[in-house]
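Work through the exercises below with the sequence and the coordinates open. Each task is followed by a worked solution.

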Amino acid sequence: MAETEKKAPRVINKSGTLKMDDKVAATRQARDISGRKMERRNRRDRARGANAGPKEFDEITIAVDRVSRTVAGGRRMRFKALVAMGDHKNRIGIGVAKGNDVTTAVAKAGSKAKKTMITFKMDGETICHETRTKVTGADVLMKPAAPGTGIIAGGTVRAIMGLTGVKNLISKSLGSTNKVNIAYAVLEGLRQQVARKDWIGAKEEAAKPAAKTAAKPAAKKPAAAKPAAKSATAKKPAAKKPAAKKENK
């Protein structure tokens, strides 16, 4: 085998240099001017993105606004991002952050949303009960809906509910149109959800049928058959005649 490898023809590139074999390329190491081996640090794995599994949370940017702050030298312009993050089940988080550019603001808001994530109760594919929450000027009303209704809501509420498992909902914004306040009002309404089994009076109603069945008396046995009534044709005994009075002489 060694003789055949030595006699193998060399492949020359168009530039006139010899083409490197795969075995040689695998063992070759880069060297600096002094001849020392160069170490490649902080190398990223190219196949990492392809082999990575599905994301645990999905993220959506609801709004990006340009804000300014007046300082001694003039106005300082920055960007504010509102980001929502959820797992399409019953976990949702909202974050607001500022940055010198849009990318920085969105990244900071996403990290805040992940830290402030909450878990809320659901009743199938809708919320458990009606809620009306107020955050500063925002006033959001949310009601459960029947299957097939869909999400009837405004842009901010619809975007947030799209990251949860809620698929049937009726909502109405009754106050301010500020997106940040509306987002926090929706988050507070989801936090206030109580499961149906934990409602006040639900345990009492469930206990009432059990108490009725326990206190129910035993079934009565069928009464014995009564003797047949006497026929109308049966002869009645003759009435006795009164005795005749004796005549006084």
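**Exercise 1.** Against which strands do the buried residues of helix 4 pack?

Solution. The model is predicted: local features need pLDDT of at least 70, side-chain atom pairs count only at pLDDT 80 or more, and totals for chains, interfaces and linings use all residues. Residues are numbered from 1 along each chain as its sequence is written, and side-chain values use heavy atoms, with hydrogens and water left out.

Step 1. Locate the helix: helix 4 covers residues 102-115. Helices (H or I, at least four residues) and strands (E, at least two) are DSSP runs, numbered from the N terminus.

Step 2. Check its length. The expected span is 1.5 Å times one less than the number of residues. For the 14 residues of helix 4 this gives 20 Å, and the end C-alpha atoms are 20 Å apart, which agrees.

Step 3. List the buried residues (under 20% relative accessible area; exposed is over 50%, partly exposed in between; 1.4 Å probe, protein chains only). In helix 4 they are Ala105, Val106, Ala109, Gly110 and Ala113. Viewed down the helix axis they fall within an arc of 130°, so they line one face of helix 4; the arc is that of the directions from the helix axis to the C-beta atoms. Thr103, Ala107, Lys114 and Lys115 are exposed on the face turned away from the buried side.

Step 4. Find the partners. The buried residues of helix 4 pack against strand 1, strand 2 and strand 3, where contact means heavy atoms within 4.5 Å.

**Exercise 2.** Describe the sheet that contains strand 3, and the helices on it.

Solution. Step 1. Four strands form an open sheet in the order 1-2-3-4, with antiparallel pairing. Two strands pair if DSSP finds at least two bridges between them. The edge strands, each pairing on one side only, are strand 1 and strand 4 (118-119).

Step 2. Strand 3 and strand 4 are joined by 2 bridges in the antiparallel sense, and Arg91 stands opposite Thr119 in strand 4.

Step 3. The direction of helix 4 makes about 145° with that of strand 3. Helix 6 lies across strand 1, strand 2, strand 3 and strand 4, at about 155° to strand 3. Axes are lines fitted to C-alpha atoms, for helices over the stretch in contact, and angles run from 0 to 180 degrees between N-to-C directions.

**Exercise 3.** Is Val180 buried or exposed, and what does it touch?

Solution. Step 1. Val180 lies in helix 6. Its relative accessibility is 17%, so Val180 counts as buried.

Step 2. Leaving aside neighbours within four places in sequence, Val180 is in contact with Lys80, Leu82 and Val96. Val180 and Leu82 are 98 residues apart along the chain, yet their C-alpha atoms are separated by 6.9 Å.

**Exercise 4.** Which element gives the most residues to the largest nonpolar core?

Solution. Step 1. A nonpolar core is a set of buried Ala, Val, Leu, Ile, Met, Phe, Trp, Tyr and Cys residues joined through side-chain atoms within 4.5 Å. The largest has 29 residues, and those with the most contacts inside it include Leu82, Met142 and Leu190.

Step 2. Among the elements giving two or more residues to this core are strand 6, helix 5 (155-161) and helix 6. Helix 6 gives the most, with 7 residues.

Step 3. Take Leu190 as a case: beyond four places in sequence, its contacts are Ile92, Phe120, Ile127, Met142 and Met161.
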